[in-house]
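Me: I keep meeting words like "buried" and "oblique" in structure descriptions. Can we go through this one and check what earns each label?

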Amino acid sequence: MSRVEGPDKVTGRATYAFEYDVPEAAYGYAVQATVGKGRITAFDAGEALAMPGVLTVISAMDPPELGDGGDPELAVLQATEIAYHGQVIAVVVAETQEIARAAAETGLRVEYAAERPDVGLRADHPGLYAPEKVNPAYPARTEKGDVEAGLADAVATVDEVYRTPILHNNAMEPHATIAVWEPDGTLTLYDSTQGPGTHRDIVAKVLGLPPDQVRVISRHVGGGFGSKGTPRPHAILAALAARAAGRPVKLALTRQQMYDMTGYRTPTIQRIRLGADARGRLTAVDHHVVEQTSTLAEFAEQTAVATRVMYATPALRTAHQLVRLNVPTPSWMRAPGETPGMFALESAMDELAVALGMDPVELRVVNDPDAEPQGGRPFSSRNLVACLREGARRFHWARRDPEPGIRLEGRWLVGTGVASSTYPVYRRPSSASVRARDGGYVVRIGAVDIGTGARTALTRIAAEVLGAAPEQVEVEIGDSALPPASLAGGSMGTASWGTAITRACEALLKDGGEEATADTAEEVANTADFARHAFGAQFAEVRVNADTGEVRVSRLLGVFAAGRIIEPTLARSQFIGGMTMGLGMALMEETYIDERFGDFLNHDLAQYHIAACADVPDVEAAWIDEEDPYLNPMGSKGIGEIGIVGTAAAIANAVHHATGRRVRDLPITPAKLL
Ligand code: MOS
């Protein structure tokens with residue numbers, strides 16, 4: 001199937017959050033702190049308020065009353081203390097967006113008592129501490145067996161430090177909200193979100209309203225990658241601004257503002273120690289992670305969690321340490337945890353293969369476990385080895401040069417690399433309704449399509465259960481007024497929503513009425529106890545210019561085992577999208593922070609480089625048939641995030657194979673290779 005809303009999108013009829021035509025709208029502009037730490041000592045909006053077209057200014061000097069929504073980043077304008085550069089300190093409301101921005105930039109006099117911010121992540125930072133949990137609720141530390149004994153017994157060992165930088169999500173559609181207060185005191189938000197229902201609940205708490213007095217509409221969303229998985233401060237600002245102005249308010253963040261206000265992936269410093277016997281079987285795995293959070297909240301990326309499921313070993317230790325810096329709170333970004341963690345683990349596995357003189361595919365095969373390495377639960381299904389074998393076949397891996405740095409084509413060094421991918425399978429309670437109408441069906445669920453193709457996949461799921469053609473099924477999503485459903489995150493949308501839709505459609509067929517509903521709370525709560533994960537293998541070929549150090553990825557292949565693939569066209573798009581993002585992470589993406597002032601130095605698409613079409617000439621995704629009866633009625637695993645996991649390691653391993661040079665800190669820039 002092609003996307004059901006595709007024609008609307010390519011003809012411009014699909015309405016995104018900022019585009020709703022609400023009468024009498026005013027415009028809000030978020031004002032941000034220009035120091036990295038300290039407090040506001042004076043704030044004068046007199047000049048701004050005197051500018052024609054300016055309606056009002058709300059600032060932290062006169063804090064609006066807010067409730068606790070559980071996320072300190074949403075407690076906007078509550079304090080004059082500055083936690084990080086770019087924190088919201090005010091909102092200007094005006095007749096046009098241009099006037100609001102001009103007034104914010106020229107009409108405010110703000111004075112600070114500034115202190116030097118602490119923004120540098122270091123492995124020896126005195127503020128490092130061990131959190132109890134990492135996201136979403138894993139123990140921060142696990143240990144089984146004797147790691148030191150395992151390393152002492154090993155024939156070959158690796159002990160290296162890998163680093164990943166700050167990364168920004170950069171969804172194509174900037175974050176935007178329109179806030180409309182109705183005469184009866186209820187609030188409607190047109191918002192670019194990954195979860196209309198979850199956003200409604202949180203926004204309502206922050207504003208001190210019952211949830212049924214808030215409605216969030218997100219019919220079309222231009223990407224999120226996690227940055228729209230939680231409400232961001234501008235949504236609260238828009239609601240406050242609209243209340244103060246007595247008019248609807250439209251508030252969009254600029255691309256530059258998104259860098260400070262919509263989250264980012266924490267940088268990591270990861271020490272990995274591996275030991276193996278002469279046949280390549282692991283004797284010990286030790287993964288220690290240092291990462292950052294803010295002074296406002298603890299966000300603990302689950303960086304070492306994937307290491308607990310990957311390879312068989314008698315001794316396994318994983319641990320995380322955090323430091324609170326004067327930075328925005330890190331947040332969700334595509335495959336949080338797995339993405340940076342698997343760069344480190346899969347790079348280290350490649351180094352181990354080199355140390356053993358062993359093929360890196362074979363090293364992974366001999367270490368494939370029978371059960372979850374940490375915890376011992378059986379896997380519902382695990383086909384990493386099949387992915388490695390199928391990928392090796394398609395990629396012609398057998399022709400690979402045995403030694404690194406020996407193939408030169410013109411002035412280009414050519415090499416290949418491999419890495420594993422993995423992502424957990426989650427499912428959350430959701431509800432749905434289905435109604436027979438005009439010879440067809442209308443399915444309603446508070447799901448959302450953030451560009452994944454969810455609306456289309458759900459149409460297909462419903463059509464299959466109903467025995468109808470997809471054209472006969474209309475799926476209505478993107479509104480918190482629809483039957484409550486989980487958010488689009490954790491690669492669990494299709495599994496969660498598809499279960500609810502399946503059950504509702506089954507009920508309609510069984511009862512034969514006009515309409516049926518289903519709620520999966522009980523079914524999801526009674527899920528059998530298995531380790532459920534999708535797996536994959538990624539293969540990369542790179543060409544490294546021997547004079548300039550420029551790296552071009554000439555081939556990228558991912559082979560995935562993710563249960564039943566519901567819709568091949570959409571699935572391929574998800575996989576290659578993730579891999580493309582992984583390519584950007586490998587070679588280009590890095591947000592620099594100024595250690596003196598605490599601000600992000602590159603904060604737009606001119607200076608933060610993401611992979612573009614010319615960077616990805618040949619990316620292919622494939623999958624193996626995987627039957628798993630322990631997942632959900634569709635037999636599917638999530639596919640939105642696994643594509644990015646392992647890509648950076650596969651490319652880094654290929655760069656090593658091409659050049660003999662191991663780069664352990666991303667991105668792999670020409671300077672690091674030269
Ligand atoms: Mo995704 S980072 O689980 O929204």
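Reply: Sure. Let's start with handedness: a crossing is right-handed if the near helix is turned clockwise from the far one by less than a right angle, and left-handed if anticlockwise. Helix 15 passes helix 16 in just such a right-handed crossing. Keep in mind that this is a predicted model.

Me: What makes helix 15 oblique to helix 16?

Reply: Look at the angle: the two axes cross at roughly 50° and come within 7 Å. Angles under 35 degrees count as roughly parallel and 65 to 115 as roughly perpendicular, so an angle between those two ranges is oblique. That makes helix 15 oblique to helix 16.

Me: Which residues meet there?

Reply: From helix 15 you get Gly 578, Met 579, Gly 582, Leu 583, Met 585, Ala 586 and Leu 587, and they meet Thr 647, Ala 648 and Ile 651 of helix 16. Sorted by class, that contact has seven nonpolar, three polar and no charged residues. Gly counts as polar here, by definition.

Me: How do you know that helix 15 is mostly covered?

Reply: Count the buried residues: 14 of its 20. Buried means under 20% relative accessible area. As for its length, helix 15 runs over residues 568–587 and reaches 28 Å from first C-alpha to last, close to the 28 Å expected at 1.5 Å a residue.

Me: What is the angle between helix 9 and helix 16?

Reply: About 30°, with the axes 8 Å apart. Angles under 35 degrees count as roughly parallel, so that is the label this angle gets. Helix 9 also passes helix 16 in a right-handed crossing. On the helix 9 side, the contact involves Met 342, Phe 343, Glu 346, Ser 347, Asp 350 and Val 354, while helix 16 brings Ala 648, Ala 649, Ala 652, Asn 653 and His 656. By class, that's six nonpolar, three polar and two charged residues.

Me: Why are helix 5 and helix 6 called oblique to each other?

Reply: Their packing angle is about 50°, and their axes are 11 Å apart. The roughly parallel range ends at 35 degrees and the roughly perpendicular one begins at 65, so this pair is oblique. The crossing is right-handed. Val 203, Val 206 and Leu 207 of helix 5 make the contact with Ile 236, Ala 239 and Leu 240 of helix 6. Those residues divide into six nonpolar, no polar and no charged.

Me: Now single residues. Why is Pro 483 called buried?

Reply: Its relative accessibility is 15%, and the cut-off is under 20%, so Pro 483 counts as buried. You'll find Pro 483 in the loop between strand 22 and helix 13. Leaving aside neighbours within four places in sequence, Pro 483 is in contact with Ser 431, Ala 432, Ser 433, Arg 444, Ile 445 and Gly 446.

Me: And Phe 539, is it buried or exposed?

Reply: Buried: the relative accessible area of Phe 539 is 0%, so it falls under the 20% cut-off. Phe 539 lies in strand 24. Its contacts beyond four places in sequence include Val 361, Cys 387, Phe 395, Trp 397, Gly 417 and Leu 557.

Me: How far apart are Phe 539 and Gly 417?

Reply: In sequence, 122 residues; in space, 5.7 Å from C-alpha to C-alpha. Try another pair: Pro 483 and Ile 668 are 185 residues apart in sequence and 46 Å apart in space.

Notes: Residues are numbered from 1 along each chain as its sequence is written. This is a predicted model: local features need pLDDT of at least 70, side-chain atom pairs count only at pLDDT 80 or more; totals for chains, interfaces and linings use all residues. Side-chain values use heavy atoms; hydrogens and water are left out. Helices (H or I, at least four residues) and strands (E, at least two) are DSSP runs, numbered from the N terminus. The expected span of a helix is 1.5 Å times one less than its number of residues. Buried means under 20% relative accessible area, exposed over 50%, partly exposed in between (1.4 Å probe, protein chains only). Axes are lines fitted to C-alpha atoms, for helices over the stretch in contact, and angles run from 0 to 180 degrees between N-to-C directions. Angles under 35 degrees count as roughly parallel, over 145 as roughly antiparallel, 65 to 115 as roughly perpendicular and the rest as oblique. Contact means heavy atoms within 4.5 Å.
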